[in-house]
Amino acid sequence: QLDGAGMSTHMLSYTWGYEVDTITDGLLDFCGSSRLDPQRAIFWICCFCINQHRVQEAQERGEAVPFVQFKVEFGERVTSIGHLVALMSPWSDPL
């Protein structure tokens, strides 16, 4: 496996409201506390794999977006990865 590339080892659950530095800091913290090499831990982040903004745009245009198709695409990826990391920031009052 190349550093920073490969099959996903973890899926990140987060909200669109987080800034990039919050996400990267959270992932680095997770790697540190889990004793994972950040160069070898590959995180699946949905915004880079399934463009949910396109779904939202289609709905705003009145186009039907079949949930079944999204559910299948998303679900297969989630279950095949096997590990979920939930980003909650700030811990006392997450978005």
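Where does Pro90 lie? Pro90 lies in the segment after β3, a strand that spans 84-86. The legends below take this spot and several others in turn. The model is predicted.

**Figure 1. The whole protein combines helices and strands.**
There are four helices and three strands. Along the sequence, the pattern reads β-α-β-α-α-α-β. A box of roughly 45 × 35 × 20 Å, taken along the principal axes, holds the C-alpha atoms. The protein has 95 residues, and 20% of them are buried. Take the contacts between residues at least 6 apart in sequence: 75% of these join residues at least 24 apart. The accessible surface is about 7000 Å². Carbon and sulfur atoms account for 56% of that surface. The protein carries 6 positive and 12 negative charges. The mean positions of the two sets are 8 Å apart.

**Figure 2. A cis peptide bond leads into Pro90.**
The bond runs from Ser89 to Pro90. Its omega is near -10 degrees. Look for this bond beyond β3, in the segment that holds Pro90.

**Figure 3. The largest nonpolar core has 16 residues.**
Leu12, Tyr14, Ile23 and Phe43 have the most contacts inside this core. Three elements give two or more residues to the core: β1 (10-13), α1 (20-33) and β2 (43-44). The largest share comes from α1, with three residues. Now pick out Ile23. Beyond residues up to four places away in sequence, Ile23 touches Leu12, Tyr14, Tyr18 and Leu87.

**Figure 4. His10 sits in strand β1.**
Is His10 buried or exposed? His10 counts as buried because its relative accessible area is 10%, under the 20% cut-off. The side chain of His10 makes a polar contact of 2.8 Å with the side chain of Thr9. Set aside residues up to four places away in sequence, and His10 still touches a list of partners. Among them are Phe30 and Leu36. Ile42, Phe43 and Trp44 are also on the list. So are Ile81, His83 and Val85.

**Figure 5. Cys31 is a buried residue of helix α1.**
The relative accessible area of Cys31 is 2%, so this residue counts as buried. Which residues are in contact with Cys31, leaving aside its neighbours within four places in sequence? They are Leu36, Pro38, Ala41 and Phe43. Ala41 is ten residues from Cys31 along the chain. The C-alpha atoms of this pair are separated by 7.6 Å.

**Figure 6. Ser33 is an exposed residue of helix α1.**
Ser33 has a relative accessible area of 61%, so it counts as exposed. A polar atom of the Ser33 side chain lies 3.2 Å from the backbone oxygen of Phe30. Val20 is 13 residues from Ser33 in sequence. From C-alpha to C-alpha, Ser33 and Val20 are 20 Å apart in space.

**Figure 7. Arg35 has a positive phi.**
Its phi is about 55 degrees, although Arg35 is not a glycine. Find Arg35 in the loop between α1 and β2. Why does Arg35 count as exposed? Arg35 counts as exposed because its relative accessibility is 80%, and the exposed class starts over 50%.

**Figure 8. Ile50 is buried in a loop between two helices.**
The loop runs between α2 (46-49) and α3. At 7% relative accessibility, Ile50 counts as buried. Leaving aside neighbours within four places in sequence, Ile50 is in contact with Trp44, Phe70, Glu73, Phe74 and Arg77. Phe74 is 24 residues from Ile50 in sequence. Their C-alpha atoms are 7.7 Å apart in space.

**Figure 9. His53 lies in helix α3.**
Helix α3 covers residues 52-60. The relative accessible area of His53 is 40%, so His53 counts as partly exposed. Ile42 is eleven residues from His53 along the chain. The C-alpha atoms of His53 and Ile42 are separated by 23 Å.

How values were computed:
Residues numbered from 1 in each chain as written. Predicted model: local features only at pLDDT ≥ 70, side-chain atom pairs only at ≥ 80, totals over all residues. Heavy atoms only, no water. Buried < 20%, exposed > 50% of the residue type's maximum accessible area, 1.4 Å probe, protein only. Contact = heavy atoms within 4.5 Å. Areas by Shrake-Rupley, 256 points an atom, 1.4 Å probe, with all protein chains shown as cover. Lys, Arg positive; Asp, Glu negative; His and termini not counted. Charge placed at Lys NZ, Arg CZ, Asp CG, Glu CD. Core = buried A, V, L, I, M, F, W, Y, C linked by side-chain atoms within 4.5 Å. Polar contact = N/O pair within 3.5 Å; in protein donor to acceptor, adjacent residues only side chain to side chain.
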